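Trainee: I have a new model open and would like to learn how to read it. Could you walk me through some features?

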Amino acid sequence: ELPRTSAAQYAAGRSVPRGALKEADLVFFGTGRTGRVSHVGLYIGEGRFIHSPSSGKVVRIDALSEGYYERPFLGARTYLQ
């Protein structure tokens, strides 16, 4: 069972190094001032992830290497066996 909040999801699962990401891994970001987990996306391969940038916005695909998301990247987790 996957926890509901992004912070709880980050605390669960197995850590995945950025260079070993696979499709379906969750990627986590600290986009707020505290540096704590505040955003999560689903890795889809080729350095890209799908996510909803904020409430009311359109779901979109972005690159992990994109300036805005590169700096606050905190890590990734896998929940697959």
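Mentor: Gladly! Keep in mind that this is a predicted model. Let's begin with a contact: the side chains of aspartate 62 and arginine 60 are joined by a polar contact of 2.7 Å.

Trainee: Where does aspartate 62 lie, and is aspartate 62 buried or exposed?

Mentor: Aspartate 62 belongs to strand S5. Its relative accessible area is 7%, and buried means under 20%, so aspartate 62 counts as buried.

Trainee: And how should I read isoleucine 61?

Mentor: Isoleucine 61 is also placed in strand S5. With a relative accessible area of 44%, isoleucine 61 is partly exposed, because that class lies between the 20% limit for buried and the 50% limit for exposed.

Trainee: Which residues make the nonpolar surface patch?

Mentor: Leu42, Ile50, Val59 and Ile61 make it, and the patch covers about 310 Å².

Trainee: Ile50 is in that list. How do I read the side chains along its strand?

Mentor: Here is the general idea: in a regular strand, side chains alternate between the two faces of the sheet. Now the case here: in strand S4, residues 48-51, Phe49 and His51 point to one face and are buried. Arg48 and Ile50 point to the other face and are not buried.

Trainee: Which strands pair with S4, and in what sense?

Mentor: Strand S3, residues 39-45, runs antiparallel to S4, and three bridges join the two. Strand S5, residues 60-63, also pairs with S4 in the antiparallel sense, over four bridges.

Trainee: Which residues could I click on to see this pairing?

Mentor: Try leucine 42, which stands opposite isoleucine 50 in S4. Glycine 45 is another choice, standing opposite arginine 48 in S4. For S5, pick arginine 60, the bridge partner of histidine 51.

Trainee: How many residues sit between the strands in the hairpin of S3 and S4?

Mentor: Two residues lie between the strands of that hairpin, and glutamate 46 takes a positive phi near 55 degrees there.

Trainee: Now let's zoom out. What is the order of the strands in the sheet?

Mentor: The order is S1-S6-S2-S3-S4-S5, in an open sheet of six strands with antiparallel pairing. Strand S1 (14-16) and S5 are the edge strands, each pairing on one side only. From one strand to the next, the twist averages 40 degrees.

Trainee: So aspartate 62, where we started, is in S5, and S5 is an edge strand.

Mentor: Exactly, and its contact partner was arginine 60.

Methods:
Residues numbered from 1 in each chain as written. Predicted model: local features only at pLDDT ≥ 70, side-chain atom pairs only at ≥ 80, totals over all residues. Heavy atoms only, no water. Buried < 20%, exposed > 50% of the residue type's maximum accessible area, 1.4 Å probe, protein only. Pairing = 2+ DSSP bridges. Patch = residues over 30% accessible without salt bridge, like charges linked within 9 Å, V, L, I, M, F, W, Y side chains within 5 Å. Areas by Shrake-Rupley, 256 points an atom, 1.4 Å probe, with all protein chains shown as cover. Salt bridge = Lys/Arg side-chain N within 4 Å of Asp/Glu carboxyl O. Axes fitted to C-alpha atoms, helices over the stretch in contact; angles between N-to-C directions. Polar contact = N/O pair within 3.5 Å; in protein donor to acceptor, adjacent residues only side chain to side chain.
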